[in-house]
Amino acid sequence: MAAHETRDVAVIGAGPAGAVAAVMLARRGTDVLVLERETFPRFSIGESLLPQSMPVLERAGVIGAVTDHGFQLKNGASFRRGPKTSVIDFREKYTEGWGTTFQVQRATFDKILADQIEPVGGALRFGQTITGVAFDARSAVLNVRDRAGRDYEVRARFVLDASGFGRVLPRLLGLEEDAKLTNRQALFVHVRDRITDEQFDRNKILITVHPDEPDIWYWLIPFSDGTSSLGVVGRPAQVAARGTGHRDQLWGLVTEAVELKQLLNDAEETRDVGSIAGYSRRASALHGRNYALLGNAGEFLDPVFSSGVTIALKSADLVVDPVMRHLAGKTVDWEEEYSKSLRVGIDTFRHFVQAWYDGSLQKIIFSTPGDNHSIQRMVVSVLAGYAWDQSNPFVSETERYLSALAGQLS
Ligand SMILES: Cc1cc2nc3c(=O)[nH]c(=O)nc-3n(C[C@H](O)[C@H](O)[C@H](O)COP(=O)(O)OP(=O)(O)OC[C@H]3O[C@@H](n4cnc5c(N)ncnc54)[C@H](O)[C@@H]3O)c2cc1C
């Protein structure tokens, strides 16, 4: 490994955003190097994809590797509150395109994507932590520490920060901002679920709302190997009210949701209970001179609609053309071409998240389906991840349409 090296593009992080951006750039002949702190496979939270992810995986030419693996198919979501159930089928949506996707163990999914980088001419190094950055007029210099503790530098004409919750450039450049969403905590585990097909359709994510505190909710994401991801989200005070250890808190909360507890009566943990808090974050800008932020490094809202990987992949998809033009010496309007385009979907999801926690979206989801199928299809479209289709009024005027719809139900 050279002490100094020069690349067209350096990518920080090999999660979905970084890996897919690198594959797309390498396919177009760019000299791209991905530097990843961990060694894959590694665990990551964020296991339920949305159908909007699929066209991006197609455009990157990696869809075959994903579909061939045998991940659990996902065609919708089942929402439960007490005895009430509302089932959403993603195939009954307004926007054209994929209506199905997968529920994935991220250790495997992320490794599959990262494995696509080198065959198309990109470079990937595991065990490399970015510790600093400096910019000049034409390039960026990254300080890297390898797994043996040796420091070296990589110069790149452009840097893509896809470091997820690591948020490397926002931290180093002081771009971190309050996401203006309530601080919440998630507890999660994997279980051998022993759920039968009669009890639950594994092709769906199950979102359960707490019977008395509707801002507490649970996810159950079945995988194809008989295990599931189980998690609960609440405010830290609500979690702390259930005891001290994460394990007791998680299972204490699950016990309060009687129907979910019944489903998991024979479940057995297959990994330790994990916890993550304060994950809603945003950066004040998604680009700057010679860099752009992808996926979670730019912004993360909330897990409730499984939008994280979709936004990460969309950011990779949107950034490639501007980067290619930048490398070709052309002028790029980063705000217009990247930031504003990406924020269309982020903002749509933000309004959906806010409406979930203020109760209006829960009211819509648990209402008896009316005759207006076209409105239902528009809402389902956003829940399937098609949050960038501005012909859908629930995208172009999200707040107005959500509150009007909820208002009709009161
Ligand atoms: C509780 C919870 C539940 C979630 N559930 C879902 C879900 O069901 N579906 C969904 O789509 N999303 C979900 N998400 C969001 C999802 O986890 C993320 O949005 C997604 O992983 C973002 O992808 P990414 O490529 O931006 O970053 P990541 O997948 O986080 O990848 C970033 C990579 O950068 C590396 N890195 C970090 N720092 C450095 C450094 N200094 N140097 C080098 N490398 C570095 C990391 O090791 C990591 O591999 C959830 C999030 C939370 C908090």
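Q: Which domains give residues to the shell around the ligand, and so hold it between them?
A: This is a predicted model, in which local features need pLDDT of at least 70, side-chain atom pairs count only at pLDDT 80 or more, and totals for chains, interfaces and linings use all residues. Residues are numbered from 1 along each chain as its sequence is written. The domain bounds come from an automatic or database domain assignment, which gives domain 1, domain 2 and domain 3, the last of these covering 359-408. Two of these domains both give residues to the shell, so the shell lies between them: domain 1 (4-74 + 102-177 + 280-346) and domain 2 (185-277).

Q: Which residues come nearest to the ligand?
A: A residue counts as near a molecule or strand if its C-beta atom, placed from the backbone, lies within 6 Å of it. Of the 39 residues around the ligand, those that come nearest are Gly-15, Gly-164, Gly-166, Gly-295 and Gly-308.

Q: How many residues of the shell around the ligand are nonpolar, polar and charged?
A: Ala, Val, Leu, Ile, Met, Phe, Trp, Tyr, Cys and Pro count as nonpolar, Asp, Glu, Lys and Arg as charged, and the others, Gly among them, as polar. By these classes, the shell around the ligand divides into 19 nonpolar, 16 polar and 4 charged residues.

Q: Which element gives the most to the shell around the ligand?
A: Helices (H or I, at least four residues) and strands (E, at least two) are DSSP runs, numbered from the N terminus. At least two residues of the shell come from each of α1 (16-27), β8 (129-135), α9 (295-298) and α10 (308-327). With 4 residues, the element that gives the most is α10.

Q: How are α1 and α10 oriented to each other?
A: The axes, which are lines fitted to C-alpha atoms, for helices over the stretch in contact, make angles that run from 0 to 180 degrees between N-to-C directions. For α1 and α10, the axes come within 8 Å and cross at roughly 30°. Angles under 35 degrees count as roughly parallel, over 145 as roughly antiparallel, 65 to 115 as roughly perpendicular and the rest as oblique. The orientation of α1 and α10 is therefore roughly parallel.

Q: How many residues of the contact of α1 with α10 are nonpolar?
A: Two residues are in contact if their C-beta atoms, placed from the backbone, lie within 7 Å. Residues of α1, including Pro-16, Val-20 and Met-24, meet residues of α10, including Val-309, Leu-313 and Val-320. The contact of α1 with α10 has no charged residues and 1 polar residue, while the count of nonpolar residues is 13.

Q: Is the crossing of α1 and α4 left-handed or right-handed?
A: Helix α1 and helix α4 (residues 106-114) have axes 9 Å apart and pack at an angle of about 20°. A crossing is left-handed if the near helix is turned anticlockwise from the far one by less than a right angle, and right-handed if clockwise. The crossing of α1 and α4 is left-handed.

Q: Which residues in α15 does α11 meet?
A: Helix α11 (residues 334-357) packs against helix α15 (residues 398-408) at an angle of about 30°, with the two axes 9 Å apart. In α11, the residues of the contact are Thr-348, His-351 and Ala-355, and those met in α15 are Thr-398, Glu-399 and Leu-402.

Q: Which residue has a positive phi although it is not a glycine?
A: The loop between β10 (151-161) and α5 (168-172) holds Arg-167. With a phi of about 40°, the residue that is not a glycine and yet has a positive phi is Arg-167.
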